[in-house]
Amino acid sequence: MSKPTDLHELITSIQDGHEMVEFHESENPHLGLFYVIDEKLYWEGVPLESIQDSYHYRIYPKMHPTFWNDTILKNRPELNKFDAYYFPRGRVVYDKKLSRYELVADKCIIRKEKIVSRIIIEMKLPRKHTEILGDPHYECFKCKAEKISKLESELEKLAAK
Ligand SMILES: [Zn+2]
C-alpha cells in the first residue's frame with residue numbers, strides 16, 4: 001500500500017471516529033416544547049423512546065397552555081399577566097417518515113443562532129439529523145404585531161391607489 005492511501009485511510013478513520021463521537025453526544029434526544037423569555041430558554045420534554053410510536057410524527061403530548069400554566073408561571077409568577085401565546089415558543093418533534101428531528105419555532109427564535117444551539121444542546125438533538133423550521137403557528141406577540149403593521153401599511157397603500 002502506498003503512503004497516500006495510508007493517509008487517506010487515516011483521515012477516513014479519523015472522520016469515522018468523529019462521527020461516532022457526535023453520535024455518542026447525541027444519544028438520548030428529547031422531544032418536547034419550549035419558550036424563550038428574555039433570551040432564556042425554558043423547556044420540558046422526554047426522550048424519544050418514551051413517546052408513543054406513530055405512523056408519521058412522534059410528539060410530546062403536552063400543549064403550550066398547560067406548560068405555561070403548570071410550569072412557567074410556577075417558576076415566574078410575575079409573568080401571570082401574559083397568556084401562553086405571548087412569548088416566542090416552539091416544539092421539537094420527530095418525523096418518522098423522513099427520519100429526522102424537527103425544531104419548529106417562532107421565526108424570532110429561528111433567527112437567533114445562539115438560542116437554537118442551546119435548544120439543540122440541551123435537548124441532545126443530533127445536529128445532522130435536525131431540521132430547523134419556522135412555523136406561523138408559533139408566533140409571539142411581537143412577531144404578530146409586526147405582521148399586522150405590515151398588513152396595515154399594505155392596505156393603506158392599496159386604499160391610496
Ligand atoms: Zn416572535
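Begin by selecting serine 99, which sits in the loop between strand 4 (89-95) and strand 5 (100-105) of this predicted model. Its phi is near 50 degrees, a positive value in a residue other than glycine, and it may help to recall that most residues other than glycine have a negative phi. Serine 99 counts as exposed because 8 other C-beta atoms lie within 10 Å, where 12 or fewer is the cut-off for exposure. The turn that holds serine 99 belongs to a hairpin of strand 4 and strand 5, with four residues between the two strands.

From the turn, extend the selection to both of these strands, which run antiparallel and are joined by six bridges. One pair to display is glycine 90 with alanine 105, its bridge partner in strand 5.

Now keep strand 4 alone on the screen and add its surroundings step by step. Six of the seven residues of strand 4 are buried, so the strand is largely enclosed by the rest of the structure. Strand 3 (residues 57-58) pairs with strand 4 in the antiparallel sense over two bridges, and here arginine 58 has tyrosine 94 of strand 4 as its bridge partner. Strand 1 also runs antiparallel to strand 4, to which four bridges join it; in this pairing phenylalanine 34 is matched with glycine 90 of strand 4.

Select strand 1 (30-37) next, together with strand 2 (40-47). These two strands pair in the antiparallel sense over eight bridges, among them the one that links tyrosine 35 to tyrosine 42 in strand 2. Their hairpin has two residues between the strands, and aspartate 38 there takes a positive phi near 50 degrees. Glutamate 39, which lies in the loop between strand 1 and strand 2, likewise has a positive phi, near 70 degrees, in a residue other than glycine. With 9 C-beta neighbours inside 10 Å, glutamate 39 counts as exposed.

Is valine 36, by contrast, buried or exposed? Valine 36 lies in strand 1, and it counts as buried because it has 23 C-beta neighbours inside 10 Å, the threshold for burial being 20 or more. To see what surrounds valine 36, select Leu41, Phe87, Pro88, Ile109 and Ile115, which it touches when residues up to four places away in sequence are left out. A distance label can then be drawn from valine 36 to cysteine 108, since their C-alpha atoms are separated by 9.7 Å although the two residues are 72 residues apart along the chain.

Turn next to helix 2 (residues 64-75), whose buried residues are Phe67, Trp68 and Ile72. They cover an arc of only 100 degrees around the axis, which puts them on the same side of helix 2. Asp70 and Lys74 are exposed on the other side of the helix. If strand 1 and strand 2 are shown again, they can be seen to be part of what covers the buried residues of helix 2.

Finally, display the whole protein chain, which contains five helices and six strands, running from the N terminus in the order α-β-β-β-α-β-β-α-α-β-α. Buried residues make up 20% of its 161 residues. Colouring by confidence gives a mean pLDDT of 87 for the chain, with 84% of the residues reaching 70 or more. Residues 14-25 deserve caution in any such view, as pLDDT stays under 50 over this stretch, and the model has zero contacts for it beyond four places in sequence.

Notes: Residues are numbered from 1 along each chain as its sequence is written. This is a predicted model: local features need pLDDT of at least 70, side-chain atom pairs count only at pLDDT 80 or more; totals for chains, interfaces and linings use all residues. pLDDT is the predictor's confidence in each residue, from 0 to 100. Two residues are in contact if their C-beta atoms, placed from the backbone, lie within 7 Å. The arc is that of the directions from the helix axis to the C-beta atoms. Two strands pair if DSSP finds at least two bridges between them.
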